[in-house]
Amino acid sequence: MKIVVCIKQVPGSNRVTFDPVTHNLVREGMAGRMNPFDENAIEAAVRLREQVGGEVVLLSMGPDATKETLHDGMAMGADAAYLLSSRAFAGSDTLATGYVLDQAIRKIGDVDLILFGRQAVDADTGQVGPIVATELDLPQATFAAKIKPLDDQHVVVNRDLGAVTQTVQLTLPAVITVRAEANQPRYESPVAIQQSLTKPLTTWTDQDLTLDTHRIGQAGSPTIVRKVYAPDKATRAAKPLPQEPKAAAKALLDILQAQGLL
Ligand SMILES: Cc1cc2nc3c(=O)[nH]c(=O)nc-3n(C[C@H](O)[C@H](O)[C@H](O)COP(=O)(O)OP(=O)(O)OC[C@H]3O[C@@H](n4cnc5c(N)ncnc54)[C@H](O)[C@@H]3O)c2cc1C
């Protein structure tokens, strides 16, 4: 089974800055780490490969520093990695990101399964997996808590939707987004980290893919982030009533009347 796992590098700390004009995250020079949910997607892929054989290929669109995250993923057991990196991709929204990933997956070729994390923890949309499935016209299952290979044409997925669990059967090739509950990602041993440095990592720019230039980057992105801000936290303050019962009752009545509740 040939499995592509799409992974995103996200900020390694909460101290992030935003471009004042585009409102996009400034990724240049930012220390990054793998999106936590993507670790679960890699672990799920490696376990599937251990059961049925095949290969696990990582795919990420991002700046050059994303190579570090791709090496981390290969230390977790992936066999190879592709980085999609170009100024032309900067400022892409989820639609443009999904489109570029879709074109890269077509170029990788002969893919049976495409795994995503449930969502990225920096922008939190959870849209990229479903968009790639739509672009590739493939069946998809989101929120997977369990993936079981049935035969070389099908997988069975348990979707954990909180109140209910749904079991679906997908015909391959297919797209799955993986929940944190699916597994415990494995520890990267020093030997595995060393081995990851010798695994193939290929970089493709926009010139290496067949792309409609009107569908990529800031200009090709119909979503505009208008404002990014932390909402004021609503504060609740307790007000003590007087100890003496009559005074307490009067104070309470005054408060209720002042609030228009009586
Ligand atoms: C504060 C902020 C808010 C934003 N809001 C929006 C918005 O509302 N709408 C919008 O269209 N864009 C938005 N963006 C842009 C957004 O960050 C990018 O489009 C991003 O590439 C994908 O969106 P996401 O992070 O929400 O990914 P999600 O859809 O949450 O990611 C799901 C999974 O897709 C995969 N994935 C995501 N990005 C990549 C990648 N670059 N390479 C490989 N795999 C990937 C990973 O497996 C990930 O777990 C926002 C950016 C910021 C900084």
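A residue counts as near the ligand if its C-beta atom, placed from the backbone, lies within 6 Å of it. The model shown in every view is predicted.

**View 1. The shell around the ligand.** The ligand has 33 residues around it. Asp93, Gly117, Ala120, Ala123 and Thr125 come nearest. Several elements give two or more residues to this shell: α1 (36-52), β4 (55-61), α3 (94-108), β6 (113-117) and α4 (128-136). By character, the shell residues divide into 14 nonpolar, 14 polar and five charged.

**View 2. The largest nonpolar core.** This core has 58 residues. Val5, Ala45, Val100, Leu115 and Ile176 have the most contacts inside it. Helix α1 gives the most to the core, with seven residues.

**View 3. Val5 and its contacts.** Val5 is one of the residues with the most contacts inside the largest nonpolar core. Neighbours within four places in sequence are left aside here. Val5 is then in contact with Ala41, Ile42 and Ala45. Its other contacts are Val56, Leu58, Ala78 and Leu115. Ala45 and Leu115 also rank among the core residues with the most contacts.

**View 4. Strand β4 between its partners.** Strand β1 (residues 2-6) and β4 run parallel, joined by five bridges. β4 and strand β5 (residues 80-84) also run parallel, and five bridges join them too. Together with helix α2 (residues 66-75), β4 and β5 make a right-handed β-α-β unit. Six of the seven residues of β4 are buried, so the strand is largely enclosed by the rest of the structure. β4 also gives two or more residues to the shell around the ligand.

**View 5. Leu59 within β4.** Leu59 lies in strand β4. Cys6 stands opposite Leu59. In β5, Tyr82 stands opposite Leu59. In a regular strand, side chains alternate between the two faces of the sheet.

**View 6. The surroundings of Leu59.** Is Leu59 buried or exposed? Leu59 has 24 other C-beta atoms within 10 Å. The cut-off for a buried residue is 20 or more, so Leu59 is buried. Residues up to four places away in sequence are not counted among the contacts that follow. Leu59 touches Val4, Cys6 and Tyr82. It also touches Leu101, Ala104 and Ile105. Cys6 and Tyr82 are thus named twice for Leu59: Cys6 stands opposite it and touches it, and Tyr82 stands opposite it and touches it.

**View 7. Leu59 and Asp151.** These two residues are 92 residues apart along the chain. Their C-alpha atoms are separated by 25 Å.

Notes: Residues numbered from 1 in each chain as written. Predicted model: local features only at pLDDT ≥ 70, side-chain atom pairs only at ≥ 80, totals over all residues. Helix = DSSP H or I, 4+ residues; strand = E, 2+ residues; numbered from the N terminus. Nonpolar A, V, L, I, M, F, W, Y, C, P; charged D, E, K, R; others polar. Core = buried A, V, L, I, M, F, W, Y, C linked by C-beta atoms within 7 Å. Buried ≥ 20, exposed ≤ 12 C-beta atoms within 10 Å, placed from the backbone. Contact = placed C-beta atoms within 7 Å. Pairing = 2+ DSSP bridges. Right-handed = clockwise from strand over helix to strand, strands pointing away.
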